[in-house]
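Reader: I'm new to this structure and would like a close look at one part of it. Could you walk me through the parallel strands and what packs around them?

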Amino acid sequence: MEQITVSGDSNRITGEYFEQIAIELRQLDCVPPDTSMELFGKHFETPVMMSPLSHLKPLESGVPGMTAMAMGAVLSGSVMWAGMGDEAELEDILSTGAETIKIIKPYADRDLLYRRMSHAKDSGALAVGVDIDHAFGDCLGYPMKPLSFGELAELTRAAGLPFVVKGVLSIQDAEKCVQAGAAGIVVSHHHGIIRSAVPPLFLLPSIKKAVGRELKIFVDCGIDNGLNAFKALALGADAISLGRAVMPVLNESGPEGLSRYVKSVTDELKQAMYRTASPDLNHIDPSVVHILN
């Protein structure tokens, strides 16, 4: 296969890397696979999750976009993630019954960060976390500031919930997250937040080897079908997020359409598991995937 030429588009590089990962078939001794998972004490039907999106536009029906996404998560038995948004939005999301992980930006105003984290806990979020890769400049008028290791450790101690760190793209940061007491990490380059970022799946096996027994590993960036989800799971992810792929589906078809999409991705994942003799998410042999050079 033709080698990847790095021209700076991180999303293109990630997409090309997915295409270099091939799956071998193991047809004997297959059983109907189980795609359900346990996460932070809750049961879910699929490892295919939402991403912590923000500020989705309302549907034509008037339902706020983030609330509609949460409704789709409930219908599909999936985990809802929420990104930048105020307290009222999170309360609206949680009112749908969606088990929600709230990711908070690294605000330069640390009091704001702690207030948002405390509100998420008091409102019944499944978990809470921080987005470490959006740490420079402003975001929608809010100044950002990088976190130190000490600050991260203090956040995990104060959270009162499982704490997830989003935007990890190195073994070094993954190891620091373990040391800080995090319960999970999202391996991600945040839809190309920097040019020429390494594909998350390129680093995933090394991160899994370094820290995978210590915390949950989630992956996003470029995953929009069940085969790519299977590749991520085989390489070390515990679950994956669909990210921006859900936005047009949600806008066109609402929560029901989003649920159908998640279920179709899960069905394709299930077919890949069936054809590789993978009985459940805990028994996907990483040797069934190969990087083609």
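Author: Here is a walk along the strands, then into the core, and then to two single residues.

Keep in mind that this is a predicted model. Let's start with strand E11, residues 184–187, which runs parallel to strand E12, residues 216–219, and is joined to it by four bridges. One pairing to look for is Ile-185, whose bridge partner in E12 is Ile-217. To get from E11 to E12, the chain passes through helix H7, residues 200–211, and this β-α-β crossover is right-handed.

Now carry on from E12. Its next partner to look at is strand E13, residues 239–241: the two run parallel, with two bridges between them. Here you'll find Val-219 standing opposite Ile-240 in E13. Helix H8, residues 226–234, completes the picture, since E12, H8 and E13 make a right-handed β-α-β unit.

Go back to Ile-185 for a moment, as that residue leads us inside. The largest nonpolar core has 90 residues, and Ile-185 and Met-69 are the ones with the most contacts within it. Helix H9 gives the most to this core, with nine residues. As a general rule, nonpolar side chains tend to be buried together in soluble globular proteins.

So what does Ile-185 touch, once you leave aside its neighbours within four places in sequence? Quite a list: Val-164, Val-165, Val-168, Ala-174, Cys-177, Ile-207, Val-211, Leu-215, Lys-216, Ile-217 and Phe-218. Ile-217 is the bridge partner you've already met, and Ile-207 is about to turn up again.

That's with Ser-170, which sits in the loop between strand E10 (163–168) and helix H6 (171–180). Leaving aside neighbours within four places in sequence, Ser-170 is in contact with Leu-203 and Ile-207. Is Ser-170 buried or exposed? Buried: its relative accessibility is 17%, and the cut-off for buried is under 20%.

Last stop: Val-246, in helix H9, residues 246–274. With a relative accessible area of 1%, Val-246 is buried as well. Beyond its neighbours within four places in sequence, Val-246 is in contact with Leu-53, Met-69, Leu-258 and Tyr-261. Met-69, remember, is one of the two residues named for the most contacts inside the largest core. You can also follow the chain on from Val-246 to Ser-259, 13 residues apart, where the C-alpha atoms of the two are separated by 9.8 Å.

Technical notes. Residues numbered from 1 in each chain as written. Predicted model: local features only at pLDDT ≥ 70, side-chain atom pairs only at ≥ 80, totals over all residues. Heavy atoms only, no water. Buried < 20%, exposed > 50% of the residue type's maximum accessible area, 1.4 Å probe, protein only. Contact = heavy atoms within 4.5 Å. Pairing = 2+ DSSP bridges. Right-handed = clockwise from strand over helix to strand, strands pointing away. Core = buried A, V, L, I, M, F, W, Y, C linked by side-chain atoms within 4.5 Å.
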